[in-house]
Structures are given as structure tokens and as C-alpha cells.
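Work through the exercises below with the model open. Each task is followed by a stepwise solution.

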Amino acid sequence: MSKKIGIDLLLFKSGDEKTFEVIFNANYEAVVGFCNQFIPDVDAAKSTAQQAFINLWLNRDKVERVNGIRAFLYTAAKTGCLNYLRHEKYKIQYQKHTIAEKENRLNQDILQSFQFNRLEYMELEEMIQSAIDKLPERCKVVFMKSRFEGKKNQEIADELNMALKSVESNITRALKILRKELQEVLPLVLFLL
């Protein structure tokens, strides 16, 4: 049996496609299953597994033992999964950034459509700042970090050593006070905040 394995390895290393096909058929489903543990999209998992087999074929001369074939496949599959997950993470970050940019542009377009002159805009900013200054100190700090620094509630809670519920209630309280203080200009303020 070991002689047969040695022959298979030698045939494989020399580029025998039939031997590669045997290796592929014996391992493909298991490698796809491995990839699918990390990549929920079955098609992406299959593609990652196929790439692992391509890498095996391209690097077949580096395999020294028969059991090295499986080790190579799983290492290549793991690397492929990590690359896929990194790519997905960057894609999501890019989409969030793009949406935020579009939202900012839309808000600016809406503000410009109101045709503020410089004085009116400055007056509106002063009204908003005055209303924010009237907030209780802790409430004001939480609101500023949320709305003007773009921090998530959990980040604020960690930074200020507060409970998450406390951060949420401070933001709710701030919005309630600001709505009351700025009710006459509320539609315009919503776009600025």
C-alpha cells in the first residue's frame, strides 16, 4: 500500500491529471465543508475550496508526503477563508463610508435648497448651540459624542465609564429637550444634527 501511495505522490508531483482528479474527488467535499464553517455563503465557500486545489496543483512540487496533500489543502483553504473575510470586512466598511458620504451630501443639498444666507445660517447655528448649552452636563457630553463625534453608544459608555442604558437615556433626554427648545426651526435643525 505504501508503494501505491508513493507512486501516486510521484505521479501527482510530475503533473499527472488523473492522480490530481483522484485527490480532488477524495477531498473536495471536506474542504468545502471546512470553508463553509467560516464563510456562510456556499458559493463563496466552494470558490475558496477550488482555489485551494488550484494552489495545490500549482505548488505540487513542494509536497513531500502524501499526507502533506491534505495539510496543504487545509492551509490554503484557511488562508483563502481569511482573505475572503478580510475582503468582506473592507467591503462593508466601504459601503458604510459611502452611505455616510451620500447622506452628508444629501443633507447639505437640502440645507442649500432652503437658500440660507450667511447671517441666517449663523443665527440657526447659535440657536442650536444655545439649546445644546442648556442641556445638563452629562447629557450634553453624551449627546456631543454621539452626534458630533459620531461615536456609537457602546463606545461612549466605555469612554465615560457608564452603563449602555444610561448613554441611551441621556441621548433620548437630550433629543427631547432639543426638540422642545428648537421646535420653531426643528425641520432645519434635523438636517444639521
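**Exercise 1: an aromatic pair**

Phenylalanine 24 and tyrosine 28 share helix 2 (residues 17-38), where they sit four residues apart, about one turn of the helix. Helices are DSSP runs of H or I with at least four residues, strands are runs of E with at least two, and both are numbered from the N terminus. The model is predicted, so local features need pLDDT of at least 70 and side-chain atom pairs pLDDT 80 or more, while totals for chains, interfaces and linings use all residues. Residues are numbered from 1 along each chain as its sequence is written, and side-chain values use heavy atoms, without hydrogens and water.

Task: classify the ring pair of phenylalanine 24 and tyrosine 28, then decide whether each residue is buried or exposed.

Solution.
1. Take the rule: rings of Phe, Tyr and Trp (its six-membered ring) pair if their centres lie within 6.5 Å; planes under 30 degrees apart are stacked, over 60 edge-to-face, the rest tilted.
2. This rule yields 10 aromatic pairs.
3. For phenylalanine 24 and tyrosine 28, the centres are 4.8 Å apart and the planes differ by 25 degrees, a stacked pair.
4. Now apply the accessibility cut-offs: buried is under 20% relative accessible area, exposed over 50%, partly exposed in between (1.4 Å probe, protein chains only).
5. Phenylalanine 24 has 24% relative accessibility, so it counts as partly exposed.
6. Tyrosine 28 has 12%, so it counts as buried.
7. Both belong to one aromatic cluster with Phe12, Phe20, Phe53 and Trp57.

**Exercise 2: a helix crossing**

Task: how do helix 6 and helix 8 cross, and what kinds of residues form their contact?

Solution.
1. Fit the axes as lines to C-alpha atoms, for helices over the stretch in contact; angles run from 0 to 180 degrees between N-to-C directions.
2. The axes of helix 6 (residues 137-147) and helix 8 (residues 164-181) come within 9 Å and cross at roughly 95 degrees.
3. Helix 6 is therefore roughly perpendicular to helix 8 (under 35 degrees is roughly parallel, over 145 roughly antiparallel, 65 to 115 roughly perpendicular, the rest oblique).
4. The contact residues divide into eight nonpolar, two polar and three charged (nonpolar: Ala, Val, Leu, Ile, Met, Phe, Trp, Tyr, Cys and Pro; charged: Asp, Glu, Lys and Arg; polar: the others, Gly among them).

**Exercise 3: a loop residue**

Task: where is asparagine 161 found, and what is its phi?

Solution.
1. Asparagine 161 is in the loop between helix 7 (153-160) and helix 8.
2. Its phi is positive, about 55 degrees, although asparagine 161 is not a glycine.
3. Asparagine 161 has a relative accessible area of 71%, so it is exposed.
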